[in-house]
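This report looks at two parts of a structure: a sheet, and a place where two chains meet. The sheet comes before the chain contact.

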Amino acid sequence: MSFLTHSRLHVSGAWLIWGTYIAVLIVAPWVFHSNLALTVLSQIGAFAIATLSYNMLLGQSGMLSFGHAVYIGLGGFIAIHTMNLVVAGKFWIPTSLIPLVGGLGGAFFGVVFGYVTTKRSGTTFAMITLGIGELVASSALTFPGFFGGEAGITTDRTLGVKIPGITYGPQIQVYYLIAFWLLICTAGMYAFTRTPLGRIANAVRDNPERAQFIGYNTQIVRFLVVIIAGFFAGISGGLSAINFEIVSSENVGAAVSGLVLLFTFLGGAGTFVGPIIGAVVYALSYVLLSNITNAWLLYLGLIFLIMVMYAPGGISSLLQMNLRVVRFGQWHRLRLAYLVLFTAALPLFFGVTTLIEMIYALQLDVGNGTVTHVYGIELDVAHAVPWMSAAGVAILGAFTAFQGARYFKVRWDSVQRDIALSMAKAAA
Amino acid sequence: MEFFLISLLNGLSYGLLLFMLSSGLTLIFSMMGVLNFAHASFYMLGAYFAYEVSGKLGFWPALFIAPCLVGLAGALFEAQVLRRVHRFGHVPELLVTFGLAFVLLEAVQLVWGRSAVDYRIPRELAGSLFTLYTTTFPTYRGFMMLVAVLMLIGIYLALTRTRIGLVIQAALTHPDMVEALGHNVPRVFMLVFGGGAALAGLAGVIGGNEFVTRPAMADAVGNIIFVVVVVGGMGSLGGAFIASILIGLIQTFAVSLDWSFAGTLASLGIAVTPATFGYPVLKLTLSQIAPMLPYLLLVLILIFRPKGLMGTRED
Amino acid sequence: MNALDVQNAVELRAVRKNFGKTEIIRCADLVVPKGQRFAIIGPNGAGKSTLFNLISGRFEPTSGDILLNGRSLIGLKPYQINRLGLARSFQITNIFARLSVFENIRCAVLWSLGYKYAFWRSLDRLKDARLRAEEVVEQIGLKRRRDSPAGLLTYAEQRALEIGITVAGGAEVILLDEPTAGMSRSESEQAVELIRTVTHGKTLLMVEHDMSVVFGLADQISVVVYGEVIATDSPAGIRANLRVQEAYLGTAQELQR
């Protein structure tokens, strides 16, 4: 089976990918047309711009930030204040361009805070971003005029300057606005990766010292990237302001920063599309997972830990690696191994999740009695038997999962070796 | 005068607590190059474990058992998780400790709920140590300061006088050489990380009942100790000490002071009205901006002295 | 600054460097004339790499002056020194591991071509950058590995890339820090040919341990021992210099034993 070289895929593939992307954005609400689905799609769209902008820092420039919500949220505040100014007749700008105002707000704060944060790099930079994030979040109550105090600032998205026929009342209109900006931002951020500054940012990521010795002031490079990332983050915040019609101090807080980081990483910081995948996972977790279990954040955290340890390139890197296996015609060797791995991991999965659900029932539902349902099985958490059985399944599961992982790893490594050999032969 | 003295003592005790935490963080960072994002989570764990143990066995056993449990958790994490990620670089290390902090927060909420738990100061230590004019200084604060000072003396002696301490100091700068000399460096790292976690846990045991024990406590103090470490200078224990005391004092004093620019200007004879330019900022009182002060200090230090007060490492 | 100074590409005047209380460089004086190929040799730990780090701006000298084309480099950051026309390679391979070979070289040409921090231009449309990068990639013999991630190259290929990144920007003064370190005989010979080609017409300052490389390439050699320059002469002169022999091999009496 032949394989597609990178360059052959390149040109015609690019049109195909962008075309599909645009088509998906347009068609999605026809397929998922319930109100809930539209809300989810809107959230994915806005959050994807946020994660993509975050990845300009993390994946592209090697800057780990714990305070990205500052730019998203402050952009949102600028946007929502502008919307209210328009409604009050003191300013004129069509509602469709409000996200741009948010973007400019984000860029402005990128200049202000970026100057301070980029004075250091690496781990110190990460901590400084945490401090700046806290500074902004803790100042929220101090400046109620801007932050709206505990309640935040609200607006009405239907009251602004509109294009005739579009009121932004129905969710579907908001979705298409978000989709439009998502397309523009994706194109913009992708184009950035292919500019001199974008490439030098990669160089600074890979080897900041060497970048200095080819003539670049790495601090300025990082500063500029923060500003540009802040611009796109602000657009995301502006879209959220329109979508939810409220921005509060939570939008600049550590929780949002943490989620952006988590899902960008989960999706894959090493590729351009990883953050988009992360945004999809985010919305699905929030909407679907949170309804299945109360401990969903805990599960997310555990998945995150496992990813950092075993798949630091995220979901997109896992997809890439497996697609490569398919391209080299080796998939049939892994089919069985995956099945084995999956089956071996099931007991551990069931055991641990059952235990977690039972703990949760114990702690929370004390008033509701001690019986809970897990996987359709009725369990009385006051008795020892369910605990022992779940623990037993978990322990057994740990053992089988370990064996299954070993089995899989042997086959995976062997396949990778053969692929490396084919590549070496082709290059020779 | 009495306000000044009492605030001074309170600020010192809070600052010492901050130093208990930031010293562990600095040690782990210096030894292993890892910035332990979950350090404040170990603090939280210590408080919660102490709550459980003191509920069953009393406060004094908890004082010893809880830190050990936390230390064990830390050592386990280092051996099973952190070590695996070490070869990927510093960013994944930081991410994995961030993940741990996230998971610990959720786990604590899972087991103990989201609201505060009733972890109390033991009866023997309640009450006041002495009275200054009309204000009393609580015995428990004095106890906190005592434990903090003892702990620090203990660390200093352990590092400089014991064999394992010397090995740790050597592994700090030359881990490969130390390993070549036959020492089990991975085991040393596990010890250091577990030890740092235990110290944070101890801080949680004595701090958790004075300040409220609830899931948000990790965040509250976690951000501040990062500020302490950056302001003091990464990798400098002396800097961390100065920064901790400084921030402890700043926060304690600021919370009770109602000074504002507007007030100061008024006392100088300059009238400040709502129409004055910048009035929203001018009328802010110190107590209102108290939560922001450590971070403002961070910004100032970064602008004027990026290396920190006593920074040794430039990264 | 008189007319004589501008003849010299690099000049060190009474340079001292202490790390804490340890004196690594103790009064080093060096003059590298323009267009020459200059080698610095000396026993291990003599401070050769430290000298390089001082010249390229990685460290600040404790005292003394370092001049590039007559202009003092004291207080300048590495990127500023690079922009003045000095480029260096590293002893430990220092490349951009996740970028391809071609991208590595292209990054190295961007500043010198004036593109600076541009984020409004498409990289692929910059013809001069592309052509120059292709030229250097061909020169260093990595054309077939053009699209490979730099981190996946063999050691010798990475050393070649290292040299390529150093010269791509068109700097007039090139510092090479042990360019043939860890190479086999044939690899070293290839490297020497490459160095000869890419530094044609430029000033080359090189730290080396491999004597055949040194004597094959250098116009002048300086010997550094314990942080001091003990001799500067043509290769033949250095070979005959007694102090140099002593430094490398011990005293004459020891030799006769």
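The model is predicted. In chain C, six strands make up an open sheet with mixed pairing, and their order is β6-β7-β8-β3-β9-β10. At the edges lie β6 (86–88) and β10 (228–233) of chain C, each of which pairs on one side only. From one strand to the next, the twist averages 20 degrees. As a general point, strands of a sheet pair through backbone hydrogen bonds, and the pairing is either parallel or antiparallel.

One pair in this sheet is parallel: strand β3 (residues 37–41) of chain C is joined to strand β8 (residues 203–207) of chain C by four bridges. Within that pair, C:Phe38 has C:Leu205 in β8(C) as its bridge partner. Helix α1 (residues 48–56) of chain C packs on the sheet, where it touches β3, β6, β7 (173–177), β8 and β9 (220–225) of chain C. The direction of α1 makes about 150 degrees with that of β7(C).

The second part is the contact between chains A and B. Here 41 residues of chain B are in contact with 37 residues of chain A. On the side of chain B that touches chain A, at least two residues each come from α3 (59–85), α4 (90–112), α9 (217–232), α13 (286–289) and α14 (293–304) of chain B. The largest share, 15 residues, is supplied by α4(B). The table sorts this side of chain B by residue class.

| Class, side of chain B that touches chain A | Count |
|---|---|
| nonpolar | 32 residues |
| polar | five residues |
| charged | four residues |

Conventions: Residues are numbered from 1 along each chain as its sequence is written. Chains are lettered from A and ligands numbered from 1 in the order in which they are written. This is a predicted model: local features need pLDDT of at least 70, side-chain atom pairs count only at pLDDT 80 or more; totals for chains, interfaces and linings use all residues. Two residues are in contact if their C-beta atoms, placed from the backbone, lie within 7 Å. Ala, Val, Leu, Ile, Met, Phe, Trp, Tyr, Cys and Pro count as nonpolar, Asp, Glu, Lys and Arg as charged, and the others, Gly among them, as polar. Two strands pair if DSSP finds at least two bridges between them. Axes are lines fitted to C-alpha atoms, for helices over the stretch in contact, and angles run from 0 to 180 degrees between N-to-C directions.
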